[in-house]
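This report describes the fold of one protein chain, moving from its overall form to a few individual residues. Please keep the sequence and the structure at hand while reading.

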Amino acid sequence: MTYKRAVNIISMLGLILTAGFMYWAWKQGILTSQENMQKFIMGFGTAAGIIFVLIQIIQVIIPVIPGGVSCVAGVIVFGAGMGFVYNYVGICIGSILVFLIAKRYGRPLMVKMFDKKLIDKYESWTEKNGRFTTVSYTHLRAHETSQDL
């Protein structure tokens, strides 16, 4: 089995497991009631904060859950103060790990994960007329303003 095929299978399995968990959580009322969500997460006792930080780390590295959703969940469950701390710690650790993975493995990992034709397509698109700078700046500004609303 090739590396790309293994990544695709793992990705599909992750998507199926996430969808299954979301369906189960919805049926249990965890996703429809703030009180039920708090009970579920706090049911892990003193490990609840650590588990939440781990979820934040994972969602940065493998973005299955939208970051905005998990950030809001942290504030709802742990309150503004500790929710901010858990979110910040998890996102920072996840971001550092992503940077270290990219620094260590870089392009060879990208080539293993994606088809060369796809990589070439996006590289040529971003290299034309300063598009990378424009798109990156626009994305950062849009992200910043949408988070501040």
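A residue is called buried when its relative accessible area is under 20%, exposed when that value is over 50%, and partly exposed in between. By this criterion, buried residues account for 15% of the 149 residues in the chain. The coordinates come from a predicted model, and the values below are computed from it.

**Overall form**

The chain has 6 helices and 0 strands, and its pattern along the sequence reads α-α-α-α-α-α. With a radius of gyration of 18 Å, the chain is well over the 15 Å that the globule rule gives for 149 residues, and it is therefore more spread out than a compact globule. The C-alpha trace spans about 50 × 40 × 25 Å along its principal axes. If one takes the contacts between residues at least 6 apart in sequence, 52% of them join residues at least 24 apart.

The surface that the chain exposes comes to about 11,200 Å², of which carbon and sulfur atoms supply 70%. The chain carries 14 positive and 7 negative charges, and the mean positions of these two sets are 8 Å apart.

**Helix H3 and its surroundings**

Helix H3 covers residues 48-61, and because a helix is expected to advance 1.5 Å a residue, its 14 residues should span 20 Å; the end C-alpha atoms are 20 Å apart, which agrees with that expectation. Which residues of H3 are buried? They are Ala48, Gly49, Phe52, Val53, Gln56, Ile57 and Gln59. The cover over these buried residues includes helix H2 (34-42) and helix H4 (67-113).

Gly49, which is found in helix H3, has a relative accessibility of 6% and so counts as buried. Leaving aside neighbours within four places in sequence, Gly49 is in contact with Phe78 and Tyr86. The C-alpha atoms of Gly49 and Met82 are separated by 8.7 Å, although these two residues are 33 residues apart along the chain.

**Two exposed lysines**

Lys39 is found in helix H2, and with a relative accessibility of 53% this residue counts as exposed. Lys121 lies in helix H5, which covers residues 116-127, and at 51% relative accessibility Lys121 likewise counts as exposed.

The table sets out, for three pairs of residues, the separation along the sequence beside the distance in space between C-alpha atoms.

| Pair | Apart in sequence | C-alpha to C-alpha |
|---|---|---|
| Gly49 and Met82 | 33 residues | 8.7 Å |
| Lys39 and Cys71 | 32 residues | 17 Å |
| Lys121 and Met37 | 84 residues | 43 Å |

Read together with the burial values, the table places the buried Gly49 at 8.7 Å from Met82, the exposed Lys39 at 17 Å from Cys71, and the exposed Lys121 at 43 Å from Met37.

How values were computed: Residues are numbered from 1 along each chain as its sequence is written. This is a predicted model: local features need pLDDT of at least 70, side-chain atom pairs count only at pLDDT 80 or more; totals for chains, interfaces and linings use all residues. Side-chain values use heavy atoms; hydrogens and water are left out. Helices (H or I, at least four residues) and strands (E, at least two) are DSSP runs, numbered from the N terminus. The radius of gyration is taken over C-alpha atoms; the globule rule is 2.2 Å times the number of residues to the power 0.38. Buried means under 20% relative accessible area, exposed over 50%, partly exposed in between (1.4 Å probe, protein chains only). Contact means heavy atoms within 4.5 Å. Accessible areas come from the Shrake-Rupley method with a 1.4 Å probe; for residues, only the protein chains shown count as cover. Lys and Arg count as positive and Asp and Glu as negative; His and the chain ends are not counted. The place of a charge is taken as NZ of Lys, CZ of Arg, CG of Asp or CD of Glu. The expected span of a helix is 1.5 Å times one less than its number of residues.
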